[in-house]
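Me: I would like to learn how to read the packing features of a protein model, one at a time. Could we take each idea in general terms and then turn to the case in front of us?

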Amino acid sequence: MKSENKPKFNPTPEMITATKAVLAAKALVLTIRPIVEGYEKEILAKHRFTNKAEVAMLTEHGHEAKERVILDPKESYQMGDEDFNAYWNECKAERERNGLKVERDDFCPLLVAENLERQANRVLLEAMQPITGIDPDDLWNMDHRKQLIDLSIKLIAAYCRENNIDLEGGF
């Protein structure tokens, strides 16, 4: 059986830099998520805010709705304004207490980190487009997008390992 001469993959410096940025952004999200979600859940458990706003809106439109306690931070939008303001003010105090820095006072550090990761992923997909032939704007399926990002990282990481290039630092 003959071994075929396959073209050797040589990523551009932009591909390597984009991969480093994705890995750094992923690490930031993994570091910040437990802190932010931890204090958000503690605040919700302590105050036992309810979904008053959701109940009011549904009732107003003729639907039946039951008031319930909100314990998941992703459901905080269902609170009334007064409850949400109290919740958000405590979140900001906890953010400061935990030393998490944001550009603006009304920013959530986890949402900022997740947005940074999305931006880094986009840059990686754009850098890899000459190899993949896939325009990031054509990737509507989030599972396919994640798969392509993961495969791109693995491809670049394998090249970097083989060529002793550090992916963890040195932007």
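Reply: Gladly, and please keep in mind throughout that this is a predicted model. We can begin with a single side chain: Phe 9 has a relative accessibility of 21% and therefore counts as partly exposed, since buried would require a value under 20%.

Me: What kind of partner does the ring of Phe 9 have, and how is such an aromatic pair described?

Reply: A pair of aromatic rings is described by two quantities, the distance of the centres and the angle of the planes. A search of the whole structure finds four aromatic pairs. In one of them, Phe 9 meets Tyr 159 edge-to-face, with the ring centres 6.2 Å apart and 85 degrees between the planes. Phe 9 belongs to the segment before helix H1 (13-47) whereas Tyr 159 belongs to helix H5 (residues 142-162), so this pair ties together parts that are 150 residues apart in sequence. Tyr 159, with a relative accessible area of 15%, is buried.

Me: How should I classify the pair of Phe 49 and Tyr 87, and where in the chain do these two residues lie?

Reply: The planes of Phe 49 and Tyr 87 stand at 80 degrees and the ring centres are 6.5 Å apart, so this pair is edge-to-face, the class for angles over 60 degrees. Phe 49 sits in the loop between H1 and helix H2 (52-60), while Tyr 87 sits in helix H3 (residues 81-97), so that the pair links distant parts of the chain, 38 residues apart. Phe 49 is buried, at 6% relative accessibility, and Tyr 87 is buried too, with a relative accessible area of 2%.

Me: Which residues do ring pairs link into a cluster?

Reply: The cluster consists of Phe 49, Phe 84, Tyr 87 and Trp 88, linked by ring pairs.

Me: Turning to the cysteines, how many disulfides are found, and what is the situation of Cys 91?

Reply: The search of the whole structure finds zero disulfides. For Cys 91, the nearest cysteine sulfur is that of Cys 108, and it is 7.4 Å away, whereas a disulfide requires the sulfur atoms to be within 2.5 Å. As for surroundings, Cys 91 counts as buried at 3% relative accessibility, and Cys 160 counts as buried at 2%.

Me: How do I read the packing of H1 and H4?

Reply: Two packed helices are described by the angle between their axes and the distance between the axes. H1 packs with helix H4 (residues 109-132) at an angle of about 160 degrees, and the two axes are 8 Å apart. Because angles over 145 degrees fall in that class, H1 is roughly antiparallel to H4. The crossing of these two helices is left-handed. The contact of H1 with H4 comprises, by class, 20 nonpolar, two polar and six charged residues.

Me: Is Met 128 of helix H4 buried or exposed, and how far apart are Met 128 and Pro 13?

Reply: Met 128, which is found in helix H4, counts as buried at 2% relative accessibility. Along the sequence Met 128 and Pro 13 are 115 residues apart, and in space their C-alpha atoms are 11 Å apart.

Me: What is the relation between H1 and H3?

Reply: The axes of H1 and H3 come within 10 Å and cross at roughly 140 degrees, and these helices are therefore oblique to each other. H1 passes H3 in a right-handed crossing.

Me: What separates the C-alpha atoms of Ala 158 and Ala 53?

Reply: These two residues are 105 residues apart along the chain, and their C-alpha atoms are separated by 51 Å. Ala 158 is found in helix H5 and, at 33% relative accessibility, counts as partly exposed.

Me: Finally, which backbone feature should I look for at Arg 48 and Asn 164?

Reply: The feature to look for is a positive phi in a residue other than glycine, and at Arg 48 the phi is near 55 degrees. Arg 48 is found in the loop between H1 and H2 and counts as partly exposed at 48% relative accessibility. Asn 164, likewise not a glycine, has a positive phi of about 50 degrees. Asn 164 is found in the segment after H5, and at 72% relative accessibility it counts as exposed.

Methods
Residues are numbered from 1 along each chain as its sequence is written. This is a predicted model: local features need pLDDT of at least 70, side-chain atom pairs count only at pLDDT 80 or more; totals for chains, interfaces and linings use all residues. Side-chain values use heavy atoms; hydrogens and water are left out. Rings of Phe, Tyr and Trp (its six-membered ring) pair if their centres lie within 6.5 Å; planes under 30 degrees apart count as stacked, over 60 as edge-to-face and the rest as tilted. Helices (H or I, at least four residues) and strands (E, at least two) are DSSP runs, numbered from the N terminus. Buried means under 20% relative accessible area, exposed over 50%, partly exposed in between (1.4 Å probe, protein chains only). Axes are lines fitted to C-alpha atoms, for helices over the stretch in contact, and angles run from 0 to 180 degrees between N-to-C directions. Angles under 35 degrees count as roughly parallel, over 145 as roughly antiparallel, 65 to 115 as roughly perpendicular and the rest as oblique. A crossing is left-handed if the near helix is turned anticlockwise from the far one by less than a right angle, and right-handed if clockwise. Ala, Val, Leu, Ile, Met, Phe, Trp, Tyr, Cys and Pro count as nonpolar, Asp, Glu, Lys and Arg as charged, and the others, Gly among them, as polar.
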